Amino acid sequence: MAGHNLGMTTRRALLVGSAARLKSFAGVLANQQFEVERPERNTLSDLGRLTAKEHFDLLLVDLDMPKTSGIDFVAQLEHRGGVPVVLVGEAQLFRRHEK
């Protein structure tokens, strides 16, 4: 899914959670030149391994996932820092950005 533009670095976004809830965000991010990745499994251990071995410029995380919560996943990332995280809920959008 990597879209390469001459002279531009591809930014990577990880979308974690409900496919239906995050579907519209995937298109918006792709239009903004993000390579969008959606993991097959959303367990804390799988997500932890993925984010430890690969770099992402943005994390878009569903608050309510069947196998874990978005809050638990973000808490697991606290020690890594530096990656903007957008938490998506049913009725509202929460933003959190670490500097």
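This is a short talk on the salt bridges and two of the strands in this structure.

Good morning. One thing up front: the model is predicted. Let's start with charges.

How many salt bridges are there? The count comes to 4. I'll walk through three pairs.

Start at Arg12. Its side chain meets that of Glu35 in a salt bridge, at 3.7 Å from N to O. Look at where the two sit. Glu35 is in strand 2, residues 34–37, and Arg12 is in strand 1, residues 11–16. They are 23 residues apart, so this pair links distant parts of the chain.

Buried or exposed, for Glu35? Glu35 is buried, with a relative accessible area of 18%. Arg12 is buried too, at 17%. The cut-off here is under 20%.

Arg12 has another partner. Glu37 forms a salt bridge with Arg12, and their closest N and O atoms are 2.7 Å apart. Glu37 lies in strand 2 and Arg12 in strand 1, so this pair ties together parts 25 residues apart in sequence. Glu37 is partly exposed, at 23% relative accessibility.

Now over to helix 2. Here Arg49 forms a salt bridge with Asp46. The closest N and O atoms are 2.5 Å apart. What separates these two along the chain? Just 3 residues, about one turn of the helix. Both lie in helix 2, which covers residues 44–53. Their surroundings contrast. Arg49 counts as exposed, at 51% relative accessibility. Asp46 is buried, with a relative accessible area of 16%.

Which residues join into one network through shared partners? They are Arg12, Glu35, Glu37 and Glu54.

On to the strands. Strand 4 spans residues 85–88, and both of its faces are covered. Val85 and Leu87 are buried on one side. Val86 and Val88 are buried on the other. Why two sets? In a regular strand, side chains alternate between the two faces of the sheet.

Strand 4 also has a neighbour to pair with. Strand 3, residues 58–62, pairs with strand 4 in the parallel sense, over 4 bridges. One contact to find on screen: Leu59 has Val85 as its bridge partner in strand 4. That is the Val85 we just met as a buried residue.

To recap. Arg12 in strand 1 bridges to Glu35 and to Glu37. Arg49 and Asp46 pair up within helix 2. Strand 4 is covered on both faces and runs parallel to strand 3. Thanks for listening.

Key. Residues numbered from 1 in each chain as written. Predicted model: local features only at pLDDT ≥ 70, side-chain atom pairs only at ≥ 80, totals over all residues. Heavy atoms only, no water. Buried < 20%, exposed > 50% of the residue type's maximum accessible area, 1.4 Å probe, protein only. Pairing = 2+ DSSP bridges.
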